[in-house]
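Please open the model in your viewer and keep the sequence panel beside it, since each stop on this tour begins with a selection.

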Amino acid sequence: MTMELRLLKSFQVLAEVEHYGRAARAIHISQPALSKQVRQLEVEVGGPLFVRGRQGAQLTPLGRLFAAEVAPLLRQADRVLDRAQRASRGELGELRLGFGIATRLLVPRLVSRFRRAYPEVQVSLQDTSTPIQLEALASGTLDVGFVRLPIEAPLIHLPVVEERLVLAVPESRRAELAGRSPATFADEPFVELGFTRSPSFHAHVQRVCAAYGFRPKVAQSATEFFTVLALVAARMGIGIVPSAVTETRVEGVAYLPLDVPEAAWRVGAAWLPAVASPAREAFLVLLREHLARAAARGRGAHEPGAR
């Protein structure tokens, strides 16, 4: 037989106030209902828990022993309920975020605010490409991913970033290359971010070059944008990078605009609505508030870069 938690709570209140009438009022039930609960509990225990008399209800020796065991059990039950309720509000649990170069500044700022509001939620960050994030979202190992748009159902998204690619060139060649159309760059050596580092970014660069009518002649391949810029500074070639990287100054590198429509793209926060996550919902509330404030300032949601 399994004891009901409500019976144990009724027993504890009666043991504390030692009066059926006062105990019944405290737990908002009738006195006969309380008497019935005590009798049911005594049947389950196998003996009397109270002696009822003019002075009220006094614990029997069995009742005192039972009360000593019940008290820590109810405290633990209250802790379990409290933690469950806090988790349902997003105040406890885990939040797993994916992001790329487009949101490398935005996401850490949001996480800092989130941790101040929800200090007991464990937050993990993955700096990775859109395809990997999409796989993780589909498998349930990521709660929110900041990914290239568009995406397909069943994922839904919130638009966050509008971004463009730019051309990174050696500072010493800025004037020369600025005077030429990118369509004339077919013979220029290119420094690229490798396909394995970000297939989606690699494909985007190929589309931009195709829009200018050439295929890049790759001289060097790198796994990080900073390495791409370092190689450009060393005059190993030119490279196409997200404008986000221009925020990190690299001596010897200049940036030129790319005006074809293909150079632009969007990034959004994506999630799988079928997977419930109160912590995720709390984070999305914070993200929406940030975007609303940015829009009110007239800056929109723009954060530089993307992967």
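## The whole chain

Begin with everything selected, bearing in mind that this is a predicted model: of the 307 residues of the protein, 46% count as buried. A cartoon view brings up ten helices and eleven strands. The radius of gyration is 32 Å, well over the 19 Å that the globule rule gives for 307 residues, so the protein is more spread out than a compact globule. If you align the view to the principal axes, the C-alpha atoms fill a box of roughly 105 × 40 × 35 Å. Among contacts between residues at least 6 apart in sequence, 76% join residues at least 24 apart.

Switch next to a surface, where the protein exposes about 15,800 Å², with carbon and sulfur atoms supplying 55% of that area. Colouring by charge picks out 38 positive and 30 negative side chains, and the centres of these two sets lie 6 Å apart.

## The nonpolar cores

In soluble globular proteins, nonpolar side chains tend to be buried together. To see where this chain gathers such residues, select Phe114, Phe146, Ile240 and Leu287, which have the most contacts inside the largest nonpolar core, a set of 62 residues. Strand β6, covering residues 156-170, gives the most to this core, with eight residues. A second, separate core has 19 residues, and Leu7, Phe11, Leu14 and Phe50 are included in it.

Return to Phe146 and display its contacts, leaving out residues up to four places away in sequence. Among the residues that Phe146 touches are Gly98, Phe99 and Gly100, Val160, and the run Val267, Gly268 and Ala269, together with Phe283 and Leu287.

## Phe190 in strand β7

Now select Phe190, which has its place in strand β7, residues 189-193. Is this side chain buried or exposed? Phe190 has a relative accessible area of 3%, and because the cut-off for buried is under 20%, Phe190 counts as buried. Draw a distance from its C-alpha atom to that of Val218, and the separation is 4.6 Å, although the two residues are 28 apart along the chain. Val218 is also one of the residues that Phe190 touches, as are Phe185, Cys209, Phe214, Pro216 and Ile238, and the list further includes Ile240, which was already named among the residues with the most contacts in the largest core.

## Two cis peptide bonds

Move to the loop between β5 (144-148) and β6, where Pro150 is placed. A cis peptide bond joins Leu149 and Pro150, with omega of about 5°. Pro154 also has its place in the loop between β5 and β6, and the peptide bond leading to Pro154 from Ala153 is cis as well, with omega near 15°.

## Positive phi outside glycine

For the last two stops, which residues other than glycine have a positive phi? One of them is His28, with phi of about 60°, found in the loop between α2 (20-26) and α3 (31-45). At 72% relative accessibility, His28 counts as exposed.

Another is Arg235, where phi is near 65°. Arg235 lies in the loop between α9 (225-233) and β9 (239-242), and with a relative accessible area of 52% this residue is exposed.

Technical notes:
Residues numbered from 1 in each chain as written. Predicted model: local features only at pLDDT ≥ 70, side-chain atom pairs only at ≥ 80, totals over all residues. Heavy atoms only, no water. Helix = DSSP H or I, 4+ residues; strand = E, 2+ residues; numbered from the N terminus. Rg over C-alpha atoms; globule rule 2.2 N^0.38 Å. Buried < 20%, exposed > 50% of the residue type's maximum accessible area, 1.4 Å probe, protein only. Contact = heavy atoms within 4.5 Å. Areas by Shrake-Rupley, 256 points an atom, 1.4 Å probe, with all protein chains shown as cover. Lys, Arg positive; Asp, Glu negative; His and termini not counted. Charge placed at Lys NZ, Arg CZ, Asp CG, Glu CD. Core = buried A, V, L, I, M, F, W, Y, C linked by side-chain atoms within 4.5 Å.
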